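Work through the exercises below with the structure open. Try each task before reading its solution.

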Amino acid sequence: PPAPATYPICHSGPLAAKQSVVRWLSPPSSGGAELDLEYEHTELAVAGTWDEQENELTMWAWRASTVGANDVMQDDARPTYACERICAAPHDGCVLSASVCTDSLPLVFCGSGSGTVSCYAAHSDTQG
């Protein structure tokens, strides 16, 4: 059996808010709009807060480190990642759940502690 993970391959550091849900945003599956990112090897995630005075849904970019032409990657080297906050949107109530649909422009549906459901369109600033 595979060995259990003994360390995180990526860690955001303190986000200054309690996170209740995290969902990865995969690339669009059918040639839909893509997010305009300035970095290669970037993974996107959305995270929702709970039990804060003002809750929000936040998009994060996780960029994998790259090895330069003169650098040598050791066999036992761990990949390193940098976490960057891309954008945030206010959310009415605690974010209790989230689902992602990436058939076209990525959409994030959130259930709220206030009894509502919200839909957010995930896009970069260059798409409007």
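## Exercise 1: an open sheet

Three strands build an open sheet in the order 5-6-7, with antiparallel pairing. The model is predicted.

**Task.** Find which strands are the edge strands of this sheet, and what the twist averages from one strand to the next.

**Solution.**
1. Look for strands that pair on one side only: these are strand 5, residues 95–101, and strand 7, residues 117–121.
2. Now take the twist. From one strand to the next, the average is 20 degrees.

## Exercise 2: a hairpin

**Task.** Describe how strand 5 and strand 6 pair, and state how many residues lie between them in the hairpin.

**Solution.**
1. Locate strand 6 at residues 107–112.
2. Count the bridges to strand 5: there are six, in the antiparallel sense.
3. Check individual pairs. Ser99 has Phe109 in strand 6 as its bridge partner. For Val95, the partner in strand 6 is Ser112.
4. Close the hairpin: five residues lie between strand 5 and strand 6.

## Exercise 3: the nonpolar core

**Task.** Give the number of residues in the largest nonpolar core, and say which strand supplies the largest share.

**Solution.**
1. Size comes first. The largest nonpolar core holds 13 residues.
2. Rank by contacts inside the core. Leu25, Val46, Leu57, Met59, Val108 and Cys110 have the most.
3. Assign sources. Strand 1 (19–25), strand 2 (42–49), strand 3 (55–64), strand 5 and strand 6 each give at least two residues.
4. Pick the main contributor: strand 3 supplies the largest share, three residues.
5. Set this against a general tendency. In soluble globular proteins, nonpolar side chains tend to be buried together.
6. Zoom in on Val46. Beyond its neighbours within four places in sequence, Val46 contacts Val21, Val22, Arg23, Leu25, Leu57, Thr58, Met59 and Val108.

## Exercise 4: two residues compared

**Task.** Is Thr58 buried or exposed? What class of exposure does Asp51 fall in?

**Solution.**
1. Place Thr58: it lies in strand 3.
2. Apply the cut-off. Buried means under 20% relative accessible area. Thr58 has 3%, so Thr58 is buried.
3. List its surroundings. Leaving out residues up to four places away in sequence, Thr58 touches Ala45, Val46, Ala47, Arg85, Cys87 and Ala88.
4. Add the polar side. The side chains of Thr58 and Glu56 are joined by a polar contact of 3.1 Å.
5. Place Asp51: it sits in the loop between strand 2 and strand 3.
6. Read its accessibility. At 45%, Asp51 counts as partly exposed.
7. Check its backbone. Asp51 is not a glycine, yet its phi is positive, about 55 degrees.

## Exercise 5: the whole protein

**Task.** State how many helices and strands the protein has, and what share of its residues is buried.

**Solution.**
1. Tally the elements: zero helices and seven strands. Along the sequence the pattern reads β-β-β-β-β-β-β.
2. Turn to burial. Of the 128 residues in the protein, 24% are buried.
3. Turn to contacts. Among those with a separation of 6 or more, 51% link residues 24 or more positions apart.
4. Finish with the surface. The accessible surface is about 8600 Å², and carbon and sulfur atoms account for 52% of that surface.

Conventions. Residues numbered from 1 in each chain as written. Predicted model: local features only at pLDDT ≥ 70, side-chain atom pairs only at ≥ 80, totals over all residues. Heavy atoms only, no water. Pairing = 2+ DSSP bridges. Helix = DSSP H or I, 4+ residues; strand = E, 2+ residues; numbered from the N terminus. Axes fitted to C-alpha atoms, helices over the stretch in contact; angles between N-to-C directions. Core = buried A, V, L, I, M, F, W, Y, C linked by side-chain atoms within 4.5 Å. Buried < 20%, exposed > 50% of the residue type's maximum accessible area, 1.4 Å probe, protein only. Contact = heavy atoms within 4.5 Å. Polar contact = N/O pair within 3.5 Å; in protein donor to acceptor, adjacent residues only side chain to side chain. Areas by Shrake-Rupley, 256 points an atom, 1.4 Å probe, with all protein chains shown as cover.
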